[in-house]
Amino acid sequence: MFVIDRIEKNVAVCEQEDKSMISIPLAELPPDCKEGSCLERKENGVYVLLKEETAKRKKQMEERFLRLFQK
């Protein structure tokens, strides 16, 4: 799995599961990808947006943010 950390010009800089970073051309990604999107690369080389995983991670980050500022 990959998570888009940031988008720079025509590439998405993604964090891999081992915490290393990789650059993927935007042209190879689904059009609805954005920062924070979770992706999976299929055996045929096609990247797929993992909508449920993306939503789950977004919710976790929002909850952490709220906990930080409620103290």
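Let's start at one rung of the ladder: in strand β4, the bridge partner of V3 is C38. What you have in front of you is a predicted model, and this pair is a handy way into it. V3 and C38 belong to the pairing of β1, residues 2-8, with β4, residues 38-41, where the two strands run in the antiparallel sense over two bridges.

From β4 we can step across to the next strand. β4 also pairs with β5, residues 47-49, again in the antiparallel sense, this time over three bridges. Here you will find L39 opposite L49 of β5, and R41 opposite Y47. Five residues lie between the strands of this β4-β5 hairpin, and among them G45 takes a positive phi near 90°.

Now let's zoom out to the whole sheet. Five strands make up an open, antiparallel sheet, and their order is β3-β2-β1-β4-β5. β3 and β5 are the edge strands, each pairing on one side only. From one strand to the next, the twist averages 40°.

A helix comes next. α1, which spans residues 51-69, lies across β1, β4 and β5, and its direction makes an angle of about 150° with β4.

Let's return to the start of β4 and look at the loop that leads there from β3, residues 21-25; S37 is found in this loop. Is S37 buried or exposed? S37 counts as buried because its relative accessibility is 2%, and the cut-off for buried is under 20%. The side chain of S37 reaches the backbone oxygen of K34 at 2.9 Å. Leaving aside residues up to four places away in sequence, S37 touches F2, V3, I4, L49 and T54. Our opening residue V3 is thus one of the residues that S37 touches.

V3 turns up once more when we look for open space in the model. The largest pocket holds about 520 Å³ of space. Its lining is made of 22 residues, and those nearest the centre are V3, G36, T54, R57 and K58. Which element gives the largest share of that lining? The answer is α1, with nine residues. β1, β2 (residues 11-16) and α1 each supply at least two residues of the lining.

Following V3 has therefore been a useful thread, from its bridge to C38, through the contact with S37, to a place among the residues nearest the centre of the largest pocket.

Key:
Residues are numbered from 1 along each chain as its sequence is written. This is a predicted model: local features need pLDDT of at least 70, side-chain atom pairs count only at pLDDT 80 or more; totals for chains, interfaces and linings use all residues. Side-chain values use heavy atoms; hydrogens and water are left out. Two strands pair if DSSP finds at least two bridges between them. Helices (H or I, at least four residues) and strands (E, at least two) are DSSP runs, numbered from the N terminus. Buried means under 20% relative accessible area, exposed over 50%, partly exposed in between (1.4 Å probe, protein chains only). A polar contact is a pair of N or O atoms within 3.5 Å; within protein, one must be able to donate a hydrogen and the other to accept it, and residues adjacent in sequence count only if both atoms are side-chain atoms. Contact means heavy atoms within 4.5 Å. Axes are lines fitted to C-alpha atoms, for helices over the stretch in contact, and angles run from 0 to 180 degrees between N-to-C directions. On a 1 Å grid over the protein atoms alone, a cavity is a set of points where a 1.4 Å probe fits but cannot get out, and a pocket is an open set with protein on both sides within 12 Å along at least five of seven lines; lining residues have an atom within 4 Å of a point. Grid points are joined across faces, edges and corners, and a volume is the space filled by probe spheres set on the points.
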